[in-house]
Amino acid sequence: MFKGILLLSLCLISLAASAHPADKVATGHLKVVPGEVYGFKKYPSELAMIQKAIPIMEAVVNSEEFKQRVIGRQPAYTSNRGMTNSQVYTYLMQGKELLNGNNTLGEMNFNVERYSRWWSKVIAYTSPGQHDWIMVNGKFYSKFDQIDIAANLTHEWIHLTGFLHDSASDRDSVPYAVGDIVEELSRKFVKQGFLD
Ligand SMILES: [Zn+2]
């Protein structure tokens, strides 16, 4: 009898340990493949910061922590195109941009162009499905470090895959919420040099 109870409680412990919904989802892999990066000739330090951000993005999105955080995100995403958290993760990890995404699966493809609009509150914008350029405002990029850039480029790239949001107050939308996860994990990665 005691043996039975002990066995049962051991089983419950191992069930609890494997209960994270992320465990049922296959871990994806993405290569970050920027195309053209345009408009930075006069801003070499910003260009250098973008180049530092790329491997950070790649380390973050391929980490187990990213998977767990994206799938475990609470509250669930708004503007989620009808997907569950797990489906959002799996969708993102396909690397399938609206435009020609099928030709470059497994890759985060995008181009970056700098513009300057000091009076604007817009950090960056995209035209999903029309082209794969991420237009970034120099007003902000001149102050951004590699962590800010990794988070912002991920937010904008998520737009290129078709996830949108109503306004900047839609913090639970996929671009904002996953962008925030990338910011947090990028900071952790830069600080400790690895992620789980
Ligand atoms: Zn956005």
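In which loop is N100 found? In this predicted model, N100 sits in the loop between α4 and β2, and its backbone has a positive phi of about 60° although the residue is not a glycine. Most residues other than glycine have a negative phi, and most peptide bonds are trans. N100 is exposed, because 10 other C-beta atoms lie within 10 Å of its own and the limit for that class is 12 or fewer.

Before turning to other local features, it helps to have the overall layout in view. The protein chain contains 7 helices and 4 strands, which follow one another from the N terminus in the order α-β-α-α-α-β-β-β-α-α-α. Measured out along its principal axes, the C-alpha trace spans about 75 × 35 × 35 Å. Of the 196 residues in the protein chain, 33% are buried, and among contacts with a separation of 6 or more, 67% are accounted for by residues 24 or more positions apart.

The loop between α3 and α4 holds two further backbone features. P75 lies in this loop, and the peptide bond that leads into P75 from Q74 is cis, with omega near -5°. S79 also has its place in the loop between α3 and α4, and its phi is near 45°, a positive value in a residue other than glycine. S79 counts as partly exposed because it has 15 C-beta neighbours inside 10 Å, a number that falls between the limit of 12 or fewer for exposed residues and that of 20 or more for buried ones.

The two helices joined by that loop also meet each other. The axes of helix α3, which covers residues 64–72, and of α4 come within 7 Å and cross at roughly 135°; α3 is therefore oblique to α4. On the α3 side the contact is made by K67, V70 and I71, and on the α4 side by N85, S86, V88 and Y89. Sorted by class, the contact of α3 with α4 has 4 nonpolar, 2 polar and 1 charged residues.

L92 belongs to helix α4, which covers residues 85–92. Is L92 buried or exposed? L92 is buried, because 23 other C-beta atoms lie within 10 Å and 20 or more are enough for that class. When residues up to four places away in sequence are not counted, L92 touches I158 and T161. The C-alpha atoms of L92 and K67 are separated by 10 Å, with the two residues 25 apart along the chain.

The strands can be followed through β4, which covers residues 133–137 and pairs with β2, residues 107–115, in the parallel sense over 5 bridges. Within this pairing, N111 has W133 in β4 as its bridge partner. β4 also pairs with strand β3, residues 124–125, but here in the antiparallel sense and over 2 bridges, and the bridge partner of Y125 in β4 is M135.

A second helix contact is that of α2 with α7, whose axes are 9 Å apart and which pack at an angle of about 105°. α2 is therefore roughly perpendicular to α7. In α2 the residues that meet α7 are I56, M57, A59 and V60, and their counterparts in α7 are V182, L185, S186, F189 and V190. The residues of this contact divide into 8 nonpolar, 1 polar and no charged.

Some of these residues also take part in the largest nonpolar core. In soluble globular proteins, nonpolar side chains tend to be buried together. The largest nonpolar core here comprises 41 residues, of which A53, M57, V60, A150 and V182 touch the most other members. At least two residues of this core come from each of α2 (44–61), α3, α4, β2, β4, α6 (146–160) and α7 (174–192). V182 shows how such contacts are distributed along the chain: leaving aside residues up to four places away in sequence, V182 touches M57, V60, A150, A151 and T154.

Conventions: Residues are numbered from 1 along each chain as its sequence is written. This is a predicted model: local features need pLDDT of at least 70, side-chain atom pairs count only at pLDDT 80 or more; totals for chains, interfaces and linings use all residues. Two residues are in contact if their C-beta atoms, placed from the backbone, lie within 7 Å. Two strands pair if DSSP finds at least two bridges between them. Axes are lines fitted to C-alpha atoms, for helices over the stretch in contact, and angles run from 0 to 180 degrees between N-to-C directions. Angles under 35 degrees count as roughly parallel, over 145 as roughly antiparallel, 65 to 115 as roughly perpendicular and the rest as oblique. Ala, Val, Leu, Ile, Met, Phe, Trp, Tyr, Cys and Pro count as nonpolar, Asp, Glu, Lys and Arg as charged, and the others, Gly among them, as polar. A nonpolar core is a set of buried Ala, Val, Leu, Ile, Met, Phe, Trp, Tyr and Cys residues joined through C-beta atoms within 7 Å.
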